[in-house]
Amino acid sequence: MKKTTHPITNIGSVSLLMIFIVLCLVVFSALSLSGTLSEYRYSQKIARHNADYYLASGSASETLKQIDEALDAAYTAHPDDYRETAEAELARFGSVETDPDSRMPSVTYEVPIDDAQSLRVTLTLNTPAEMQNGYYRITSWQEVPASRWDGDDSLNLMTF
């Protein structure tokens with residue numbers, strides 16, 4: 001009687017293929033989960049930043065309203081001495097910087113967004129001849145770093 005022999009490689013190749021497929025599925029699912037978690041953390045960070053920005057923007061709008069009321073009071077009280085009266089009215093605000101001596105006087109103030117950024121608003125005051133357009137123009141409403149960057153990255157390589 002003749003014995004029939006079966007090739008050994010056929011039984012092992014199916015098992016190896018199944019192990020490889022399962023291993024690929026596990027690796028791809030782990031990568032997918034990792035990417036999803038990092039995108040979730042990033043979206044939470046963006047949502048927190050947007051909430052902080054809009055809170056700071058609301059506070060900046062409140063300050064803008066107070067500045068508008070101060071400029072209105074200065075113009076209605078003394079339209080001839082508007083610039084001097086406006087400067088005196090704006091001096092009440094501690095966080096507002098004025099530049100009345102330039103040709104185009106401006107008002108600048110900052111509202112903190114978080115520890116790293118602030119919202120800086122710059123207004124250019126209109127002259128008494130341009131009061132039909134309002135008391136000011138918003139020149140800038142932008143996010144700026146809260147601290148200054150010190151660019152001194154020099155290394156002392158040759159010390160004796």
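Select Arg-92 first: this residue is exposed, with a relative accessible area of 57%. Three classes are used for accessibility: buried is under 20% relative accessible area, exposed is over 50%, and partly exposed lies in between (1.4 Å probe, protein chains only). The model is predicted, so local features need pLDDT of at least 70 and side-chain atom pairs count only at pLDDT 80 or more, whereas totals for chains, interfaces and linings use all residues. Residues are numbered from 1 along each chain as its sequence is written, and side-chain values use heavy atoms, with hydrogens and water left out.

**The salt bridges**

Now add Glu-89 to the selection. The side chains of Arg-92 and Glu-89 form a salt bridge, at 3.5 Å from N to O. The term denotes a side-chain nitrogen of Lys or Arg within 4 Å of a carboxyl oxygen of Asp or Glu. Side chains of opposite charge can pair when their charged atoms come close. Glu-89 belongs to helix H2 and is partly exposed, at 23% relative accessibility. Helices (H or I, at least four residues) and strands (E, at least two) are DSSP runs, numbered from the N terminus. From Glu-89, draw a distance to Leu-123: the two are 34 residues apart in sequence and 15 Å apart in space, C-alpha to C-alpha.

By this rule, the count of salt bridges comes to 2. For the other pair, select Glu-110 and Arg-120, whose closest N and O atoms are 2.7 Å apart. Glu-110 lies in strand S2 (residues 106-112) and Arg-120 in strand S3 (residues 117-125), so this pair ties together parts that are 10 residues apart in sequence. Glu-110 is partly exposed at 34% relative accessibility, and Arg-120 is also partly exposed, with a relative accessible area of 29%.

**The nonpolar core**

Next, select Ile-67, Leu-71, Tyr-82, Val-107, Tyr-109, Leu-123 and Tyr-136. These residues have the most contacts inside the largest nonpolar core, which has 24 residues. H1, H2, S2 and S3 each supply at least two residues of this core. The largest share, 8 residues, comes from H1. A nonpolar core is a set of buried Ala, Val, Leu, Ile, Met, Phe, Trp, Tyr and Cys residues joined through side-chain atoms within 4.5 Å.

Within that selection, centre the view on Val-107, in strand S2. Val-107 counts as buried, at 0% relative accessibility. Then add Ile-138: its C-alpha atom is separated from that of Val-107 by 9.5 Å, and the two residues are 31 residues apart along the chain.

**Strand S4**

Move to Ser-140, which is found in strand S4 (residues 136-145). Ser-140 is buried, with a relative accessible area of 17%. Extend the selection to Asp-153, which is 13 residues from Ser-140 in sequence and 31 Å away in space, C-alpha to C-alpha.

**Surface patches**

Select Asp-80, Asp-81, Glu-84 and Glu-87, which gather in a patch of negative charge on the surface. Patches are made of residues with over 30% relative accessible area and no salt bridge; like charges are joined within 9 Å and nonpolar side chains (Val, Leu, Ile, Met, Phe, Trp, Tyr) within 5 Å. Lys and Arg count as positive and Asp and Glu as negative, while His and the chain ends are not counted. The place of a charge is taken as NZ of Lys, CZ of Arg, CG of Asp or CD of Glu. Asp-80 is in the loop between helix H1 (8-77) and helix H2 (82-90), and is exposed, with a relative accessible area of 76%.

Then turn to Val-14, Leu-17, Met-18, Phe-20, Ile-21 and Leu-25. Together they form a nonpolar patch on the surface, with about 610 Å² of accessible area (Shrake-Rupley method, 1.4 Å probe). Val-14 is found in helix H1 and counts as exposed, at 52% relative accessibility.

Finish at Ser-13, whose place is also in helix H1. Ser-13 is partly exposed, with a relative accessible area of 38%. Add Ser-106 to draw the last distance: Ser-13 and Ser-106 are 93 residues apart in sequence and 79 Å apart in space, C-alpha to C-alpha.
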